[in-house]
Amino acid sequence: MASTKEYLTFILEQLSGLEVTSRAMMGEYVLYYRGKVFGGIYDNRFLVKPVNAAKALMPQAPFELPYAGAKEMLLVENPEDREFLAQLLSAMEPELPAPKKRK
């Protein structure tokens, strides 16, 4: 099941004011913070990379597969909390890999 544009819009509104962009990818959406991939919208679920900062801020968050064959990611269970989301992205950013250079 592909994610809806409405759910993407909701998440982007929750992250407004932060340097977040998105890119459509096979019916789902990859999310970038300051140019670095930090998560995505998969089957109308907001998932983030399981970096140490994310695991520390969401110790009870379940690991879920975004799609078959992918690495597990953390489910953000409280996307309504804008303050928490800003804190989460800020904490995750230093641990996120730099974007790969295009040839």
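User: Happy to look at this predicted model with you. Which residue in the turn of the β3 and β4 hairpin has a positive phi?

Analyst: Good place to start! In this predicted model, β3 and β4 form a hairpin with two residues between them. One residue in that turn has a positive phi of about 50°, and that residue is Asp-43.

User: How many bridges join β3 and β4, and what is the bridge partner of Tyr-42?

Analyst: The two strands pair in the antiparallel sense. Their pairing runs over four bridges. Within β4, the partner of Tyr-42 is Arg-45.

User: Which strand pairs with β4 over two bridges?

Analyst: Leu-47 gives a handy marker here, as its bridge partner is Leu-75 in β6. The pairing is antiparallel and covers two bridges. The partner strand, residues 73–75, is β6.

User: Are the residues on both faces of β4 buried or exposed?

Analyst: Let's take the two sides in turn. Arg-45 and Leu-47 are on one side, with Phe-46 and Val-48 on the other. Both faces are covered, and these four residues are all buried.

User: Which element gives the most to the largest nonpolar core?

Analyst: This core has 24 residues, and those with the most contacts inside it are Phe-38, Phe-46, Val-48 and Leu-88. At least two residues each come from α1 (5–14), β2 (28–33), β3 (36–42), β4 (45–48) and α3 (82–92). With five residues, the element that gives the most is α3.

User: How many residues does the other core have?

Analyst: This core lies apart from the largest one. Among its members are Val-30, Tyr-32, Leu-47 and Leu-75. Its residue count is six.

User: Which element supplies the largest share of the lining of the largest pocket?

Analyst: The largest pocket has a volume of about 460 Å³. Of its 14 lining residues, the closest to the centre are Val-30, Tyr-42, Pro-66, Tyr-67 and Ala-70. Both β2 and β3 supply at least two residues of the lining, but the largest share, three residues, comes from β2.

User: How many charged residues are in the lining of the second largest pocket?

Analyst: About 220 Å³ of space lies in this pocket. Its lining includes Arg-23, Lys-36, Lys-49, Lys-100 and Arg-102, along with others such as Tyr-32 and Gly-35. By class, the lining divides into five nonpolar residues and one polar residue, while the number of charged residues is five.

Terms used
Residues are numbered from 1 along each chain as its sequence is written. This is a predicted model: local features need pLDDT of at least 70, side-chain atom pairs count only at pLDDT 80 or more; totals for chains, interfaces and linings use all residues. Side-chain values use heavy atoms; hydrogens and water are left out. A nonpolar core is a set of buried Ala, Val, Leu, Ile, Met, Phe, Trp, Tyr and Cys residues joined through side-chain atoms within 4.5 Å. Buried means under 20% relative accessible area, exposed over 50%, partly exposed in between (1.4 Å probe, protein chains only). On a 1 Å grid over the protein atoms alone, a cavity is a set of points where a 1.4 Å probe fits but cannot get out, and a pocket is an open set with protein on both sides within 12 Å along at least five of seven lines; lining residues have an atom within 4 Å of a point. Grid points are joined across faces, edges and corners, and a volume is the space filled by probe spheres set on the points. Ala, Val, Leu, Ile, Met, Phe, Trp, Tyr, Cys and Pro count as nonpolar, Asp, Glu, Lys and Arg as charged, and the others, Gly among them, as polar. Two strands pair if DSSP finds at least two bridges between them.
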